[in-house]
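What follows is a reading of a single protein chain, meant to be followed with the sequence and the coordinates side by side.

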Amino acid sequence: MGALTDRSNPPTVTANRVERASSKKRRKPLALFIVPAVLVVVGVVLLFMLGGGTDSIPIIGDDGPDDTVPEFDFTTTKTTGIPTVSEFDKAALAASAEQTGTEITPTIDDLFTNAFLDPTNWREGDYEEVFAAFAPAALPAAQENVETLTLGTTAGDVFEKVRPNKSNLKYRVLFDPDGNPDTAVVRFTFNATGKRLDGTALAIASSGQLFLQDLDGWKITAFDIVRSDTEAEVTVSTGASGGSGATGTS
């Protein structure tokens, strides 16, 4: 009987989406807040001395576009363990496969957050954090397919904001003869809605497979991804927030 590696010990707790996002926020130096405050005071004094009045006071210290990273986590719908020996402990195999999926999911969460949801990435067309998820052998292919893997290098000229929708993962974990997880195949569907600067919306849909191996941490060694984006209808919410939303159109 093929032995399965003992993976019953709980893994190191991985930060949730909010904690991971908060660690990415760019901090502004204190001087950026102090200087505008001083300028406002000086401006008010000068305007009153020159007879301007409050209607002439300019607004100073505008923070610019919202760079908040929206919360996002994939939902895992199924995990299957695949043995490479004829005799194996089914219960142990299933538990080990589930544990492997638990370990990998935060990596996939971060991959798609960095590729589609983090404004500090897509506004600048900078996806270095995305490429960090790929093994060296797969990196050139990832860089060549940046427009498929991400929101795009010119997304900052097109979109105002992007919000995630329901997305899911399915795992197939291949074990070696010694019972160790060797390769994980992740089937995914990722969905989001991007509001363009011109007021229209795009239903973003990415699906396919990611192949990962534990190379001092789980890394993507190959991928097969299809984008099937469609136009979305922008609707105005009647709720208390008064915000806007979008629904997909075929």
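Aspartate 216 sits in the loop between β5 (201–214) and β6 (218–227), and in this predicted model its phi angle is near 60 degrees, a positive value in a residue other than glycine. With a relative accessible area of 79%, aspartate 216 is exposed, because exposure is assigned to values over 50%.

The strand that precedes this loop, β5, also contains serine 206, and serine 206 counts as buried, with a relative accessibility of 2%. Leaving out residues up to four places away in sequence, serine 206 touches Phe112, Phe188, Thr189, Phe190, Ile225, Val226 and Arg227. Phe112, Phe188 and Phe190 are also members of an aromatic cluster, which is formed by Phe72, Phe74, Phe112, Phe116, Phe188 and Phe190.

The structure holds nine aromatic pairs. One of them is formed by phenylalanine 74 and phenylalanine 112, whose rings are arranged edge-to-face, with 5.3 Å from centre to centre and 80 degrees between the planes. This pair links distant parts of the chain, since phenylalanine 74 belongs to the loop between α2 (30–49) and β1 (75–82) while phenylalanine 112 belongs to helix α3, 38 residues apart. Both partners are buried: phenylalanine 74 has a relative accessibility of 7%, and phenylalanine 112 has one of 3%.

Helix α3 itself covers residues 90–117, and at 1.5 Å a residue its 28 residues should span 40 Å, so the 38 Å between its end C-alpha atoms agrees with that expectation. At the N-terminal end of α3, aspartate 89 acts as a cap, with a side-chain oxygen 3.1 Å from the backbone nitrogen of alanine 91. Further along α3, a kink of about 30 degrees lies at isoleucine 104, shortly before proline 106.

Which residues of this helix does tyrosine 171 touch, and which others? Tyrosine 171 is found in strand β3, and, not counting residues up to four places away in sequence, it touches Gly101, Ile104, Thr105 and Ile108 as well as Thr76, Lys78, Thr79, Thr80, Val185 and Val186. The C-alpha atoms of tyrosine 171 and isoleucine 104, the residue at the kink, are 9.7 Å apart in space although 67 residues separate the two in sequence. A polar atom of the tyrosine 171 side chain also lies 3.4 Å from the backbone oxygen of glycine 101. Tyrosine 171 is buried, with a relative accessible area of 2%.

The loops on either side of β3 can be described in turn. Asparagine 165 is found in the loop between β2 (159–164) and β3 (168–175), where it is partly exposed, with a relative accessible area of 36%. Its contacts, again without residues up to four places away in sequence, are Phe72, Asn191, Ala192 and Thr193; Phe72 is one of the members of the aromatic cluster. Asparagine 165 and threonine 193 are 28 residues apart in sequence, with their C-alpha atoms 7.1 Å apart. Proline 177, in the loop between β3 and β4, is exposed at a relative accessible area of 52%, and its C-alpha atom is 9.6 Å from that of phenylalanine 88, 89 residues apart in sequence.

Strand β4 (residues 181–196) includes arginine 196. Is arginine 196 buried or exposed? Its relative accessible area is 14%, which means that it counts as buried, the cut-off being under 20%. Apart from its neighbours within four places in sequence, arginine 196 is in contact with Val158, Phe159, Glu160, Ala201, Leu202 and Glu231.

Two polar contacts between side chains, involving residues described above, are set out here.

| First side chain | Second side chain | Distance |
|---|---|---|
| Asparagine 165 | Threonine 193 | 2.9 Å |
| Arginine 196 | Glutamate 231 | 2.8 Å |

For the chain as a whole, the protein has seven helices and eight strands. Buried residues make up 33% of its 250 residues, and the chain exposes about 14300 Å², of which carbon and sulfur atoms supply 55%. Among contacts between residues at least 6 apart in sequence, 64% join residues at least 24 apart.

Definitions and conventions:
Residues are numbered from 1 along each chain as its sequence is written. This is a predicted model: local features need pLDDT of at least 70, side-chain atom pairs count only at pLDDT 80 or more; totals for chains, interfaces and linings use all residues. Side-chain values use heavy atoms; hydrogens and water are left out. Helices (H or I, at least four residues) and strands (E, at least two) are DSSP runs, numbered from the N terminus. The expected span of a helix is 1.5 Å times one less than its number of residues. The bend at a residue is the angle between axes fitted to the seven residues ending there and the seven starting there. A polar contact is a pair of N or O atoms within 3.5 Å; within protein, one must be able to donate a hydrogen and the other to accept it, and residues adjacent in sequence count only if both atoms are side-chain atoms. Buried means under 20% relative accessible area, exposed over 50%, partly exposed in between (1.4 Å probe, protein chains only). Contact means heavy atoms within 4.5 Å. Accessible areas come from the Shrake-Rupley method with a 1.4 Å probe; for residues, only the protein chains shown count as cover. Rings of Phe, Tyr and Trp (its six-membered ring) pair if their centres lie within 6.5 Å; planes under 30 degrees apart count as stacked, over 60 as edge-to-face and the rest as tilted.
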